[in-house]
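Good morning, and thank you for making time for this item. I should like to walk through one structure, strand by strand, with the display open beside us.

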Amino acid sequence: MPPTGSRARREEILQLATTTGLASVEELSQHFGVTASTIRRDLARLTADGRLARTYGGAMALTAHPEASLRQRTGEAYEQKRAIARWAAAQVRPGETVLLDAGSTVGALAHQLRTVDDLTVATTGLTALRELADVETVHVECLGGTWRPVSQAFVGPLTEAALERLTFDRVFLSADGVTADGGICEAELRQTRLKELMARRAAHTYVLAHAAKLGRAPFHAWAALPAGWTLVTDAAADADQVAQFTERGVRVVRAEPVEEPAPPPGEAQD
């Protein structure tokens, strides 16, 4: 049962914002069994105390914990992520074994891989599992471990132990930020350690990050990558930013958006 007192309820709201991204007034009202007005008063109190930041539509972000949940990130830079995912999927060959990280862009890649025959996919992320669960031509391995709700992914020693039993043709990694000198930036050390181990187990390493993430360092945990990795970003990536990566021997691909073919005359459009 959720806490019923106002103080306990506000603490629970903070916890939900941090771990699951539960955001809307309606969802919180249903979760606690109180009115929307009560939730709005709670949010106003938490905002006034400097513990939450409100966004449009009643959504909220914990100011002391800037990591966005997977749910919050899914709708960001949608077309850029789709272009990146399509390019990445084109690198995968039938019969290969690939490793997929968690994250919304890697989730978009998993969707593209649904049509690849005789493929083995190992993943730490729930999004990829959902995309591939019903595909008969793809064999899926779940690298279990400690569940991390905010990123909808498994991390920790059990995940790392599973990695030691496998090797991969390719690994596709996500990032909260990526820099030429530091590598991948993430919210915590469990994530960065796991990404380093994932890169070591694959013949080819790709980091999927749209242009807004280049040069960004929102946290203080870093994953160093092996030489020869590939950064896959979108066409809006700044030339100066790209040059910083190429000067360090990183291959950079700027994926162009793919225009959908126009429907035949008279055919209804969505």
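Let me begin with a term that the argument requires: two strands are said to pair if DSSP finds at least two bridges between them. With that in hand, consider Phe172, whose bridge partner in β11 is Tyr206. Please keep in mind throughout that this is a predicted model.

First, the overall inventory. The chain has 270 residues, and buried residues make up 45% of them. Its secondary structure comes to 10 helices and 14 strands. If we take contacts between residues at least 6 apart in sequence, 58% of them join residues at least 24 apart. The chain exposes about 13,600 Å², of which carbon and sulfur atoms supply 49%.

I return now to the strand that carries Phe172. Strand β8 spans residues 168-173, and it is mostly covered, with 5 of its 6 residues buried. How many bridges join β8 to β11? There are 5, and the two strands run parallel. Strand β3, residues 97-100, also pairs with β8 in the parallel sense, over 3 bridges. In that pairing, Leu100 has Phe172 as its bridge partner in β8. Phe172 therefore has a bridge partner in β3, namely Leu100, and another in β11, namely Tyr206. As a general matter, strands of a sheet pair through backbone hydrogen bonds, either parallel or antiparallel.

From β11 we may continue to β13. Strand β11 covers residues 202-208 and pairs with β13 in the parallel sense over 3 bridges. Within this pairing, Leu208 stands opposite Val232 in β13. Is β13 enclosed or open to the outside? All 5 of the 5 residues of β13, residues 230-234, are buried, so the strand is largely enclosed by the rest of the structure. Its side chains divide by direction: Thr230, Val232 and Asp234 point one way, while Leu231 and Thr233 point the other way, and all are buried. In a regular strand, the side chains alternate between the two faces of the sheet.

On to β14, residues 251-255, which is joined to β13 by 5 bridges, the two running parallel. Here Leu231 stands opposite Val252 in β14. Between these two strands we have helix α10, residues 239-246, and β13, α10 and β14 together make a right-handed β-α-β unit.

Two individual residues deserve attention in connection with these strands. The first is Ala88, which is found in helix α5, residues 78-91. Why does Ala88 count as buried? Its relative accessible area is 0%, and the class applies under 20%. Not counting residues up to four places away in sequence, Ala88 touches Leu109, Phe172 and Leu208. Phe172 and Leu208 have already appeared in this talk, as the bridge partner of Leu100 and as the residue opposite Val232. The C-alpha atoms of Ala88 and Ala255 are separated by 9.0 Å, although these residues are 167 residues apart along the chain.

The second is His210, placed in the loop between β11 and β12. His210 is buried, with a relative accessible area of 9%. Leaving aside its neighbours within four places in sequence, which residues is His210 in contact with? They are Ala77, Gln80, Lys81, Ile84, Thr233 and Asp234. Thr233 and Asp234 point in opposite ways from β13.

There is also an antiparallel arrangement to report. In this open sheet, 3 strands follow the order β9-β10-β12, and the pairing is antiparallel. The edge strands are β9, residues 177-179, and β12, residues 221-223, each of which pairs on one side only. From one strand to the next, the twist averages 30 degrees. Strand β10, residues 183-186, pairs with β9 over 3 bridges in the antiparallel sense, and Val178 has Ile184 as its bridge partner in β10. Helix α9, residues 189-200, lies across β10 and β12 and runs at about 5 degrees to β12.

I close with the cysteines. The structure holds 0 disulfides. Cys185 is buried, with a relative accessible area of 0%. Cys142, by contrast, counts as partly exposed, at 41% relative accessibility.

How values were computed:
Residues numbered from 1 in each chain as written. Predicted model: local features only at pLDDT ≥ 70, side-chain atom pairs only at ≥ 80, totals over all residues. Heavy atoms only, no water. Disulfide = S-S within 2.5 Å. Buried < 20%, exposed > 50% of the residue type's maximum accessible area, 1.4 Å probe, protein only. Helix = DSSP H or I, 4+ residues; strand = E, 2+ residues; numbered from the N terminus. Axes fitted to C-alpha atoms, helices over the stretch in contact; angles between N-to-C directions. Contact = heavy atoms within 4.5 Å. Right-handed = clockwise from strand over helix to strand, strands pointing away. Areas by Shrake-Rupley, 256 points an atom, 1.4 Å probe, with all protein chains shown as cover.
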